[in-house]
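Reader: I've got this one open on my screen and I'd like to know how the labels were earned. Can you walk me through the reasoning?

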Amino acid sequence: MAWPILWLLLTIAHFVDPQQTTAGECCSDDQNTEVAENEVQEVELAAACPELSEQIIGGRPSSITRHPYQVSMVMNGNSFCGGFIISRDYVLTAAHCVQNTAPEAIRLRVGSTRRDSGGRIVSVSAVTVHPQYGQPQFDHDIAALRLSQPLVFGPAIQPIRLPRPRQAVPLVRLTVTGWGLTAPGGRRIPRTMMEANVPVVPHWLCRLSYGDSLTRNMFCGGHFLIGGVSSCQGDSGGPAVFRGTAFGVVSFARGCALPLSPTVFSNIASLRDWVTQTTGV
């Protein structure tokens with residue numbers, strides 16, 4: 001009896017259109033220290049900013065010293081999207097976060113556990129979006145940001161490794177990081193970086209949910225049947241990491257942590273040649 005019910009659920013999910021995340025996160029505070037559970041501070045969402053993109057659901061407090069490659073992207077005083085350091089001169093993010101955005105409009109906060117204070121602000125000199133982004137929709141969702149000045153590495157600012165070209169994404173739990181909503185449809189956003197572990201979903205299984213929207217340049221992560229843990233509005237552009245290697249870029253999902261709707265990541269290994277041609281990494 002269970003299999004017909006599962007088949008029906010998967011059939012229904014197949015016909016629900018996936019929704020792309022929007023570039024627009026929010027605001028926060030400082031510090032580069034480890035944070036305990038009771039140190040998480042929250043602010044009213046409406047007071048922080050009106051627009052949100054993907055953020056961590058079902059996660060836990062973290063810190064920049066655990067994830068020194070993580071950056072927060074800032075525009076007009078508000079955080080929007082995430083990104084990650086791959087060299088002294090380049091940060092990777094999602095194409096949908098920066099498409100049609102002038103480099104001078106973007107600032108990156110590096111070296112801070114908090115989203116809108118601490119660390120240092122770095123300007124961007126060039127934005128390069130993958131030339132095939134959106135062909136088809138959501139495909140090749142990756143962009144490279146060239147920094148105006150090289151980063152100075154330290155305990156809170158470090159690059160992360162990238163996979164080899166066409167290296168298989170391991171069927172393990174990947175760590176996603178970011179700032180923002182900690183419950184779907186929530187009204188409050190945490191002030192500190194959050195992290196969550198999401199299991200990689202086999203490509204064939206994820207296609208049962210997303211159909212032809214899921215290309216070979218993507219992979220999925222989350223608890224496929226039950227949901228409950230994923231990125232959600234605000235983490236777009238952030239990395240999915242296993243043992244010090246960034247295998248994915250947070251791209252899109254249908255809702256946040258919903259059953260049968262895992263997060264979709266751009267597959268860095270599939271796009272690795274473009275990354276090397278663009279950044280030299």
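Author: Sure, we'll take the strands and then one asparagine; keep in mind that this is a predicted model.

Reader: How do you know that strand 8 and strand 9 pair?

Author: Two strands pair if there are at least two bridges between them. Strand 8 (residues 107-110) and strand 9 (residues 120-129) have 4 bridges, and they run antiparallel. Leu108, for instance, stands opposite Val122 in strand 9.

Reader: What makes strand 9 and strand 10 a pair?

Author: At least two bridges are needed, and strand 9 and strand 10 (residues 143-147) have 5, again antiparallel. Here Val124 faces Leu147 of strand 10.

Reader: Which strands close into the barrel, and in what order?

Author: There are 6 strands, in the order 5-6-7-10-9-8, with antiparallel pairing. On average, neighbouring strands of this sheet are turned by 45 degrees against each other, ignoring direction. Helix 5 (residues 272-279) packs on the sheet, touching strand 7, strand 9 and strand 10.

Reader: Now the asparagine. Why is Asn217 called buried?

Author: The relative accessible area of Asn217 is 16%, and buried means under 20%, so Asn217 counts as buried. You'll find Asn217 in the loop between helix 4 and strand 14.

Reader: What makes the link between Asn217 and His140 a polar contact?

Author: The cut-off for such a pair of N or O atoms is within 3.5 Å, and the side chains of Asn217 and His140 are joined at 3.2 Å. Beyond its sequence neighbours within four places, Asn217 also has contacts that include Asp139, Phe265 and Leu271.

How values were computed:
Residues are numbered from 1 along each chain as its sequence is written. This is a predicted model: local features need pLDDT of at least 70, side-chain atom pairs count only at pLDDT 80 or more; totals for chains, interfaces and linings use all residues. Side-chain values use heavy atoms; hydrogens and water are left out. Helices (H or I, at least four residues) and strands (E, at least two) are DSSP runs, numbered from the N terminus. Axes are lines fitted to C-alpha atoms, for helices over the stretch in contact, and angles run from 0 to 180 degrees between N-to-C directions. Contact means heavy atoms within 4.5 Å. Buried means under 20% relative accessible area, exposed over 50%, partly exposed in between (1.4 Å probe, protein chains only). A polar contact is a pair of N or O atoms within 3.5 Å; within protein, one must be able to donate a hydrogen and the other to accept it, and residues adjacent in sequence count only if both atoms are side-chain atoms.
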